[in-house]
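User: I would like to go through the labels attached to this model one by one. For each, please set the value against the criterion and conclude.

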Amino acid sequence: WSLPNAERYALQYADGRQTYITESNRREIKNGSILRLTTSPDQEAERLYSGIQSNNSDVKTDSLKKLASLSQDVTFAQEFINRNGLKQIFYIVEEGNDTGEMLAHTLKAFMELMEHDFVSWETLSATFIKKIVSYVNMNAVDASVQQLSLSILENMVPTSRLLFELVKKEVTLDRLLTHLQVTNAQLQLKAMALLIALLLAATDTERRDMMDYLREKNIRQFIHKNIIHSSEPLGDEMAHYLYVLQSVSLNLCERRMRTSMDPYSQEQRELLQSLRQTAFESESEAPASNFNTERRRSLCAKEFRKLGFTNNSNPAEDLRRAPPGLLALDNMVYFSRHTPNAYSRFVLENSSREDKHECPFARSSIQLTLILCEILHVGEPCSETAQAFYPMFFGQDHFFEELFCICIQLVNKTWKEMRATQEDFDKVLQVVREQITRTLSLKPTSLELFKTRVNALNYSEILKLRQTERLHQEETLAVPVLELRERLKPELLELIRQQRLLHLCQGTLFRKISSRRRQDKLWYCRLSPNHKVLHYGDVEEGVHAPPIESLPEKIPVADMKMLLVGKECPHTKEKSSGKQNKDVLELAFSIVYDVEEYCLNFVAPTRYEFCLWTDGLNVLLGKEMTSERTQTDLDVLLSMELKLRLLDLENISIPDTPPPVPKPPSNLNFCYDFSHAEQ
C-alpha cells in the first residue's frame, strides 16, 4: 500500500489471540481471516518499554496491562526481550512496594514472556525470587498476585536443583497448607500445583520427609473433607494433582517392596518370630522352656508350616523374592498387630483343616501384596495426564496396610467358597484380583464401603459376571449367520461413520501439553455441520461448548493430507528426551494439512476421545476407521442386530447348508378358485 515508513507497521489478527503476521507464519493465514493494520512489534515493544518506566502511575499500569496481553505473541516477546525489557520488569518487582493491580499485570507479563523459553529460569536474581516468595508468604496481598507468584515458583522448581532448594527453603510447607485452606479455588489450585512440583523435584529422602510432615499436619483429612467432598465439583487439574499425591504416597512403599529379606538381620528375624508368637503363644508358652534346642526348632518349623510358609525350616527364604520383598512382611505384621483376632482366626481355622484344604496365610499374603502393588501401580512413575485417584485413599491413614487387612480376609473367604485345595492357589488369587479390581472400578468413597462391596462380590457373583460376559462375546458361528453378519456390516459401518462425524461436529476440549510441564491452557476443536471445515481456537477454563463463530482458526477438510498417530507425531518427537511419556504417546495424533504440510497437534483427554477423533478424521480423509473402538462398536451393533433378526429362530438349530429345493410338480393345476367358495 506504499505506506511511508512501512517498517513501523504490521498486520495482526483481529480476533482470537491477535498474533502478529510475520514472514514465518504468513502462509498460515486462512481465507476469511480478518486482519488489522497496527504498529509493528518492535515499535510497540519500544513504546511499552518506555511506558512501563513512566512516572505517571496510570500510564505505567496501562502499559503493563497491554504488555501482559501482547507478551503471548512470540514476535512481540522476542522484540521486548531484545530491548532488555525483562530487566525493567525485574526492577519494577524488586524495587516496587505495590501489591495491587500494577503488580498483577507485571507478573502476568513476566509469566507470558518466560513461556516462550527465550530466557532460562536460572538467570533470575536472588532478589527477584525472594520478592516473589514474599508475595506468597504475605497475608495482605491481592489474591491474583499470590496466584501468579505461586505459578512462577511452580515453573521455577523443575528447572534446576538450586532453584528447587531455594523455593523449598523459602516457602514452607506450612505456608502452602495455609493457601490450600482458602475458599478461593484458583489460589487453592496454584498452591497444590506448587506442592506437587516440589514433591516431584525432591530426592527420595526429601520426598519421604515432606510426606511425613504433611501426614503430621493432617493434609489427608483436609483434602478428603474440603476438596474431594466440597460443594464445588472437582476440576480436571485438581484431580490430576490428587492422583500425583496418591501416586507419590504409594511409591513410598517401593523401597520395602524392592528389598529382599536379609536372614541375618536381627530386626527382620524378630518381626518374623512375632508372627509365630502372636498366633501360637498360648500353645507354646508353658512347656517351651523345658524343650531342648532340637525339639524347639522342630516345633517352630511346625508352627511356620501352619502359618503357610513354604520353606518352614527357614521361612526367610519365602521373603527373598522382591517384589513384594519386605513389604509383604510389613503387611503380615500390621495385620497380626492391628487385627489380632482376625489374624488368629485365619491361622487357627486353616491349621485345623485337612492339609490339602488349608489356605496358606504367608504364601497368600506374599502373593496378595504383589497383586495390590500391581493394581495400585506402586513403583511406577506418575503419568502426566492421569486423573484416576481413589477417593477412599484420602479417607484413611495407612491406606495400603488397611486395604491388605480387608483383602487377606477376602482371600480366606473366597478360598472357602471355592472349596479350594493347594493346587487351586493361583486360581483363587486370580478370582481375588478380579474381586478387587471390579470393586475399585466403582470408586468407593471409603474403605468401609469397599469392604462391604468386595465381600458382597462373592465367588458365585464372579461366576455369574463371567458367564454373562462370555454370552455377550459368543456369537452363533453357523455359516448362514456368518453370511448375515457380512451382509449387515456395510450398513452398520456407515452408522458408525455418521456417529463419528457427529461427535466431531459437537467438538472436544483439548489440553495443551508443553515439553516443560503440564499446562493449564485449553483449546477447542470442532467440525462444521457441512463437514467442510475444522474450526479451532483457545478457550478459557469452564467453557464447555463454545459456538463455532468464537473459534478463530480453521482448516478446510480439502487441505488435509494425512493423519499421524503416536510416535509419528511431531509433538511426541519433541518430547522424546530420554524418558518418553507412555500415556501421551497413546493419546497423541496430528493432522498434516496444506501444501506446506503444517501440523495441527492434539493430545486427546481420554482413549475414548482419541478413538472417536482418529476415526472421524480418517472418514474425512476417505480412509478406513482403524481404532479399537470401531471394532468394539461394530461387534456390539452386529450382536444386537443379529439377536433381533434371529429372535424367531430361538431354540431352532440352523443348518450349515440350506435345505434342498424340491423338484417342480408334474402339473400346476392346483390353483384354488376363491369365487366358487364365496358363492
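User: Which residues touch the most other members of the largest nonpolar core?

Analyst: The model is a predicted one. Its largest nonpolar core has 148 residues, and Phe110, Met192, Ile223, Leu307, Ile436 and Phe450 touch the most other members.

User: How do you know where this core lies with respect to domain 1 and domain 2?

Analyst: Domain 1 (36–232) and domain 2 (258–282 + 294–470) both give residues to the core, so the core lies between them. Apart from this core lies another, of 37 residues, with Val481, Trp613, Leu620 and Leu634 among them. The assignment also gives a domain 3 (489–633), and the C-alpha centres of domain 1 and domain 3 are 32 Å apart.

User: What is Ile223 in contact with, leaving aside its neighbours within four places in sequence?

Analyst: Its partners are Met192, Ile228, Leu242, Leu245 and Phe394. Contact here requires heavy atoms within 4.5 Å.

User: Why is Ser249 called buried?

Analyst: Buried means under 20% relative accessible area. Ser249 has 17%, so Ser249 is buried. This residue is in helix H13 (residues 236–250) and, neighbours within four places in sequence aside, is in contact with Met211 and Phe393.

User: What makes Glu112 count as buried?

Analyst: The cut-off is again under 20%, and Glu112 is at 6% relative accessibility, so Glu112 counts as buried. Glu112 lies in helix H5 (residues 101–115). Not counting residues up to four places away in sequence, Glu112 touches Ala68, Ser71, Gln72 and Lys521.

User: Why is His398 called partly exposed?

Analyst: Partly exposed lies between the buried limit of 20% and the exposed limit of 50%. His398 has a relative accessible area of 48%, so His398 is partly exposed. The residue is in the loop between helix H19 (361–375) and H20. His398 also has a positive phi of about 50°, although it is not a glycine.

User: Which label does Lys443 get for its relative accessible area, and why?

Analyst: With 37%, Lys443 falls in the interval between the two limits, so Lys443 is partly exposed. Phi of Lys443 is near 50°, a positive value in a residue other than glycine. Lys443 sits in the loop between helix H21 (425–440) and helix H22 (447–456).

User: How do you know that the span of H20 is close to the expected one?

Analyst: The expected span is 1.5 Å times one less than the number of residues. For the 19 residues of H20 (residues 399–417) that gives 27 Å, and the helix reaches 27 Å from its first C-alpha to its last. Just after H20, Arg419 takes a positive phi of about 50°.

User: What makes E7 and E9 edge strands?

Analyst: Strand E7 (560–565) and strand E9 (598–603) each pair on one side only. The open sheet has the order E7-E8-E9, with antiparallel pairing.

User: How do you know that strand E8 and E9 pair?

Analyst: Pairing requires at least two bridges. Strand E8 (residues 588–593) and E9 have six bridges, in the antiparallel sense, so the criterion is met. Among the bridge partners are Tyr593 and, in E9, Tyr598. Helix H27 (residues 607–620) packs on the sheet, touching E7, E8 and E9, and its direction makes about 155° with that of E7.

User: Which peptide bonds in the loop between H16 and H17 are cis, and what is omega there?

Analyst: A cis bond joins Ala322 and Pro323, with omega about -10°. The bond from Pro323 to Pro324 is cis too, with omega near 5°. Pro323 is in the loop between helix H16 (293–306) and helix H17 (325–338), as is Pro324.

Key
Residues numbered from 1 in each chain as written. Predicted model: local features only at pLDDT ≥ 70, side-chain atom pairs only at ≥ 80, totals over all residues. Heavy atoms only, no water. Helix = DSSP H or I, 4+ residues; strand = E, 2+ residues; numbered from the N terminus. Domains from an automatic or database assignment. Core = buried A, V, L, I, M, F, W, Y, C linked by side-chain atoms within 4.5 Å. Buried < 20%, exposed > 50% of the residue type's maximum accessible area, 1.4 Å probe, protein only. Axes fitted to C-alpha atoms, helices over the stretch in contact; angles between N-to-C directions.
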